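Q: Could you take a close look at one part of this protein for me and walk me through what surrounds it?

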Amino acid sequence: MTSWPGNGGTMLAVEIPHPGGPEVLIPTTRPIPQPGNGCVLIRVHAAGVNRPDILQRRGLYPPPPGASDIPGLEIAGEVTALGAETTRYKLGDRVCALVAGGGYAQFCAVHESNALPVPHGLSMVEAAALPETFFTVWTNLFKRAQLRAGETVLIHGGASGIGTTATTLAKAFGATVIVTVGSEEKRNACLALGADFAINYHTQDFVEETRKLTDGKGADVIVDIVAGDYVERNYKAAALNGRVVQIGVQDGPAKNLNLMIMLHKRLTHTGSTLRSRTIEEKAQIARELEHHVWPLLERKEVAPVIFQVFQLKEAASAHALMESGRHIGKIVLAAYP
């Protein structure tokens, strides 16, 4: 069990002094946050690196009001202090948590309802790779898009953190999975992870291939992190009454969009962000994950895919790797050597 340093303590953290490339991320010393009502203070062992962190660093995704300016949206560690009116956790409990900011630090405060026990058998590094992608995939793929057993889902960016998570969860719940990838190495990795088919978007047209793989029907659900010209192409690749769920816009706004395809196919195009949701909304997602997904993690039916671990002070290198697109799965920062 770790004791809380108390008022006046300091910690190592990573800050963004001004927008820019990975090199603007610098280690710094910050006061240790104090847990407010209903919150716990977590001694962070590991923090996940995610695409929204990249956008924040570039000045394109500011933290919501009241959130820390320190980047980082998911952490794992041990509870080291309890705020007033906390009821679930005790000192020393191993938890992982979704946070609105502050993850790239040695301590982070979070409302206890947005924290979950580290699944039995998982390391802190593995647990730190869960919250952001699992909350996002559960909300969008299963709640908004209503993916059901027996359906086919097309997942863009199959080798990304979102892609690998969506693949393993979709397979666990009985769906057929098609992913898009950018290399043969990523294709093989996704197939080994459980994807039924992998389309190399450099050499194949995912619309044509998806139609072939579904006997002309198209995908029932499409998970897209790209946008740009993918939006209209997703409509062409979708099945009648298909659902397209937008969770990223890496290529910017939709281009040359023909909405008649949406009308003829009776498509649903939805999307959402996670960071700005209320504590209560995130707590509801946490409860659903603990009930439906945490048992899968503990039975090893689903597992996070870890590509590389960096030290906290090496956050710039972690961002450079993510922007290179070479990773397969999650990149994680270790807060302590």
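A: Here is a walk around strand E15, then the pocket it helps to line, and then some salt bridges. A word on the ground rules: this is a predicted model, where local features need pLDDT of at least 70 and side-chain atom pairs count only at pLDDT 80 or more, while totals for chains, interfaces and linings use all residues. Residues are numbered from 1 along each chain as its sequence is written, and side-chain values use heavy atoms, with hydrogens and water left out.

Start with E15 (330–334) itself. Helices (H or I, at least four residues) and strands (E, at least two) are DSSP runs, numbered from the N terminus. 5 of the 5 residues of E15 are buried, so the strand is largely enclosed by the rest of the structure. Buried here means under 20% relative accessible area, exposed means over 50%, and partly exposed is in between (1.4 Å probe, protein chains only). In a regular strand the side chains alternate between the two faces of the sheet. Here, Lys330, Val332 and Ala334 point one way, Ile331 and Leu333 point the other way, and all are buried.

Now for the strand's partners; two strands pair if DSSP finds at least two bridges between them. Strand E3 (residues 39–49) pairs with E15 in the antiparallel sense over 4 bridges, and glycine 48 has valine 332 as its bridge partner there. Strand E14 (residues 306–311) runs parallel to E15, joined by 5 bridges. Valine 332 turns up here too, as the bridge partner of valine 309. To get from E14 to E15 the chain goes through H11, in a right-handed β-α-β crossover (with the strands pointing away from the viewer, the path from the first strand over the helix to the second runs clockwise).

E15 and helix H11 (315–324) also each supply at least two residues of the lining of the largest pocket. A pocket is an open set of points on a 1 Å grid over the protein atoms alone, where a 1.4 Å probe fits, with protein on both sides within 12 Å along at least five of seven lines; lining residues have an atom within 4 Å of a point. The lining has 49 residues, with Arg51, Ile225, Ile247, Gly248 and Gln250 nearest the centre. H3 gives the most to that lining, 5 residues.

Further afield, the count comes to 18 salt bridges, each a side-chain nitrogen of Lys or Arg within 4 Å of a carboxyl oxygen of Asp or Glu. One of them joins glutamate 290 to arginine 88, with the closest N and O atoms 2.6 Å apart. Glutamate 290 lies in helix H9 and arginine 88 in the loop between strands E4 (74–82) and E5 (94–98), so the pair ties together parts that are 202 residues apart in sequence. Glutamate 290 is partly exposed at 27% relative accessible area, and arginine 88 is partly exposed at 41%.

Aspartate 196 and lysine 171 also meet in a salt bridge (3.0 Å, N to O). Aspartate 196 lies in the loop between helix H5 (184–193) and strand E10 (197–200) and lysine 171 in helix H4, so this pair ties together parts 25 residues apart in sequence. Finally, Glu15, Arg30 and Asp69 are linked in a network of salt bridges.
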